[in-house]
Amino acid sequence: MTMPEGLERVLTEIAGRDMFDALVIRTDFSDDESWNAVVGELYRPWGPADEFPATVQVVDAPDWSGATADEVLAAVDEDEYLSVVFLADCHTMQSPARALLALTTIWEDEGDLDPVYYQELIESPEPREFRAAPATVHAVHANLTLGNMGFAEFAAAASAEPDQVRRPI
């Protein structure tokens, strides 16, 4: 959905998210059957023996339809405990893996970095996104929230897969 020039998108406020709830925002409303399958996978217990309950906040509001990654990141910017947000976009609805777009909420603005000290980071910025199967959302979110792994590690693992999708180990 493209906004007419001069109009700003008004997105539903995301309130009440616990810091350990993974945040999944639906931005594509073209396929309810695929979406319902994604939601079903998101609410399954997870972990090596499914010992952890699924803790997820799903945003399923039509005003998010067609929201871009930048719009979503701007909307969640105030959540200081959120390190990753997952989007159910058109790729999610069309792919057999139903892979969500994982976006880091933490990144350096290369324009603010001094090239004398940060030339390598400026030339090779950290990845900002990767695709994740719904069954791996909780592990990604928990590990990033606790600082056990970095976003770049998950992105590298996803890029090593033939279809570029991070799956549970």
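How much accessible surface does the protein chain have, and what share of it belongs to carbon and sulfur atoms? In this predicted model, the accessible surface comes to about 9,700 Å², and carbon and sulfur atoms account for 51% of that area. Of the chain's 169 residues, 40% count as buried.

The overall fold is a good place to start. The protein chain contains six helices and six strands, and along the sequence these follow the pattern β-α-β-α-β-α-β-α-β-α-α-β. The six strands come together in an open sheet with the order S2-S1-S3-S4-S5-S6, and their pairing is mixed. S2 and strand S6 (165–166) form the edges, each pairing on one side only. In general, strands of a sheet pair through backbone hydrogen bonds, in either a parallel or an antiparallel sense. Within this sheet, S4 and S5 are paired in the antiparallel sense over four bridges, and Leu-100 has Ala-132 of S5 as its bridge partner. Contacts between parts of the chain that are remote in sequence are a clear feature here: among contacts with a separation of 6 or more, 70% involve residues 24 or more positions apart.

Turning to the interior, the largest nonpolar core has 22 residues, and those with the most contacts inside it are Val-24, Trp-35, Phe-86, Leu-100, Phe-130 and Val-137. At least two residues of this core come from each of strand S1 (22–26), helix H1 (32–42), strand S3 (84–88), strand S4 (100–104), strand S5 (129–132), helix H5 (137–146) and helix H6 (151–159). A second, separate core has 15 residues, including Leu-23, Val-59, Val-85 and Leu-103. Trp-35 is a handy residue to select in the viewer. Beyond its neighbours within four places in sequence, Trp-35 is in contact with Val-24, Arg-26, Val-58, Asp-60, Ala-88 and Met-93.

Two of those contacts of Trp-35, Arg-26 and Asp-60, also take part in charge pairing. Side chains of opposite charge can pair when their charged atoms come close. Six salt bridges are counted in the model. In one of them, Arg-26 pairs with Asp-32, with the closest N and O atoms 2.8 Å apart. Arg-26 also forms a salt bridge with Asp-60, where the closest N and O atoms are 3.3 Å apart. Arg-26 lies in strand S1, whereas Asp-60 lies in the loop between strand S2 (56–59) and H2, so this pair ties together parts that are 34 residues apart in sequence. Through shared partners, the salt bridges join Arg-26, Asp-32 and Asp-60 into one network. The burial of the three residues can be set side by side: Arg-26 is buried, at 3% relative accessibility, while Asp-32 is partly exposed at 47% and Asp-60 is partly exposed at 40%.

Another salt bridge joins Asp-79 and Arg-17, with their closest N and O atoms 2.8 Å apart. This pair links distant parts of the chain, 62 residues apart: Asp-79 sits in the loop between helix H2 (69–75) and S3, and Arg-17 in the segment before S1. Asp-79 is partly exposed, with a relative accessible area of 26%, and Arg-17 counts as buried at 13% relative accessibility.

A further set of polar contacts involves Asp-89 and Thr-92. Asp-89 is placed in the loop between S3 and helix H3 (90–94), and Thr-92 belongs to helix H3. Their side chains make a polar contact at 3.0 Å. Why does Asp-89 count as buried? The cut-off for burial is under 20% relative accessible area, and Asp-89 counts as buried because its relative accessibility is 13%. Thr-92 is also buried, with a relative accessible area of 0%.

The side chain of Thr-92 reaches the backbone as well. A polar atom of this side chain lies 2.8 Å from the backbone oxygen of Ala-99, and the side chain reaches the backbone oxygen of Leu-87 at 3.5 Å. Setting aside residues within four places in sequence, Thr-92 is in contact with Val-38, Leu-87, Arg-98, Ala-99, Leu-100, Leu-101 and Arg-131. On the same basis, Asp-89 touches Thr-27, Asp-28, Leu-101 and Arg-131. Leu-101 and Arg-131 therefore appear in the contact lists of both Asp-89 and Thr-92.

Technical notes. Residues are numbered from 1 along each chain as its sequence is written. This is a predicted model: local features need pLDDT of at least 70, side-chain atom pairs count only at pLDDT 80 or more; totals for chains, interfaces and linings use all residues. Side-chain values use heavy atoms; hydrogens and water are left out. Buried means under 20% relative accessible area, exposed over 50%, partly exposed in between (1.4 Å probe, protein chains only). Contact means heavy atoms within 4.5 Å. Accessible areas come from the Shrake-Rupley method with a 1.4 Å probe; for residues, only the protein chains shown count as cover. A nonpolar core is a set of buried Ala, Val, Leu, Ile, Met, Phe, Trp, Tyr and Cys residues joined through side-chain atoms within 4.5 Å. A polar contact is a pair of N or O atoms within 3.5 Å; within protein, one must be able to donate a hydrogen and the other to accept it, and residues adjacent in sequence count only if both atoms are side-chain atoms. A salt bridge is a side-chain nitrogen of Lys or Arg within 4 Å of a carboxyl oxygen of Asp or Glu. Two strands pair if DSSP finds at least two bridges between them.
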